[in-house]
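Welcome! Take a moment to look over the model below, and then let us walk through it together, starting with the surroundings of the ligand.

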Amino acid sequence: MEIVIASKNRHKIEEISEKLKTLGIESLSLLDFEVTEAPETGSTFLENVYQKSSFYAERLNMPVLSDDSGLVVDALGGLPGVHSSRFAGEGATDEENLKKLVELLKHKGLFESPASFVCFMMVTFPDGKGFWSKGVLKGKVVTEPKGNEGFGYDPIFIPEGDNRTLAEYSMIEKNRISHRGKALEKIVNLLKEKLK
Ligand code: IMP
């Protein structure tokens, strides 16, 4: 079986394709095709993965794996959520998004808030059928960034039971506990069942 990973992010493609290889599944990605970009206009992560997976599975006539992830902050009513990558505006950098979040927390007189990283993954087949998985990493966000590893909101996110930020984890250590790692593990198990 071949699956198209609906991403152009080389790091993400590598992480997912390594895992699929263990099932004997070969991966392609959006870097291998000339195809218009899928809409991503959902108000939930699940709507977004559904939009992406079904759009590309239909156009490419192949099974497609898509993912959507973000940070959900309790004190901000779930924001930035599906807006995580463009919280400070279209084309905003990771630093700008992180700064906006810290400012909003401080504006509320808070130095921290419970928060979770969430990842949804979906595999859709050309006939429109498929399945999805969800991975969550619970913790808290703080207003004092620390660490140089990772990306996005990692410098202000402290996983439950630790006092280091995710930006102080090595990549291997982060992949072991991350929302993306958990969602990937589950979707791979669902694929395994399907291949039986
Ligand atoms: P994507 O859906 O994987 O492209 O992620 C959307 C946005 O969520 C990213 O641009 C980041 O701002 C944020 N995000 C998702 N996963 C992580 C993570 O593991 N660390 C830090 N930020 C993340």
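Strand E3 gives three residues to the shell around the ligand, the largest share of any element. This is a predicted model, so please read every value here as computed from predicted coordinates. E3 spans residues 64-73, and together with helix H5 (179-195) it makes up the elements that give two or more residues to this shell.

Who else is in the neighbourhood? There are 14 residues around the ligand, and those that come nearest are Lys12, Ser69, Asp154, Lys174 and Arg180. By character, the shell divides into three nonpolar, six polar and five charged residues.

Some of these neighbours reach the ligand with an N or O atom of the side chain. The table sets out three such pairs.

| Side chain | Ligand atom | Distance |
|---|---|---|
| Asp154 | nitrogen | 2.6 Å |
| Lys174 | oxygen | 2.8 Å |
| Arg180 | oxygen | 2.9 Å |

How much of the ligand does the protein bury? Taken alone, the ligand exposes 480 Å², and the protein buries 87% of that. The space that the ligand takes is also the largest pocket.

Now let us leave the ligand and turn to pairs of charged side chains. Side chains of opposite charge can pair when their charged atoms come close. The structure holds 10 salt bridges. One of them joins the side chains of Lys99 and Glu103, with 3.7 Å from N to O. Both Lys99 and Glu103 belong to helix H3, which covers residues 94-107. They are four residues apart there, or about one turn of the helix.

Finally, two places in the backbone deserve a look. Most residues other than glycine have a negative phi, and most peptide bonds are trans. Which peptide bond is cis here? The bond from Leu79 to Pro80 is, with omega near -5°. You can find Pro80 in the loop between E3 and H3.

The other place is Asn61, which is not a glycine and yet has a positive phi of about 55°. Asn61 sits in the loop between helix H2 (45-60) and E3, the strand that gives three residues to the ligand's shell.

Note on methods
Residues are numbered from 1 along each chain as its sequence is written. This is a predicted model: local features need pLDDT of at least 70, side-chain atom pairs count only at pLDDT 80 or more; totals for chains, interfaces and linings use all residues. Side-chain values use heavy atoms; hydrogens and water are left out. A residue is near a molecule or strand if one of its heavy atoms lies within 4 Å of it. A polar contact is a pair of N or O atoms within 3.5 Å; within protein, one must be able to donate a hydrogen and the other to accept it, and residues adjacent in sequence count only if both atoms are side-chain atoms. Accessible areas come from the Shrake-Rupley method with a 1.4 Å probe; for residues, only the protein chains shown count as cover. On a 1 Å grid over the protein atoms alone, a cavity is a set of points where a 1.4 Å probe fits but cannot get out, and a pocket is an open set with protein on both sides within 12 Å along at least five of seven lines; lining residues have an atom within 4 Å of a point. A molecule sits in a cavity or pocket if more than half of its atoms lie within 2 Å of its grid points. Ala, Val, Leu, Ile, Met, Phe, Trp, Tyr, Cys and Pro count as nonpolar, Asp, Glu, Lys and Arg as charged, and the others, Gly among them, as polar. A salt bridge is a side-chain nitrogen of Lys or Arg within 4 Å of a carboxyl oxygen of Asp or Glu.
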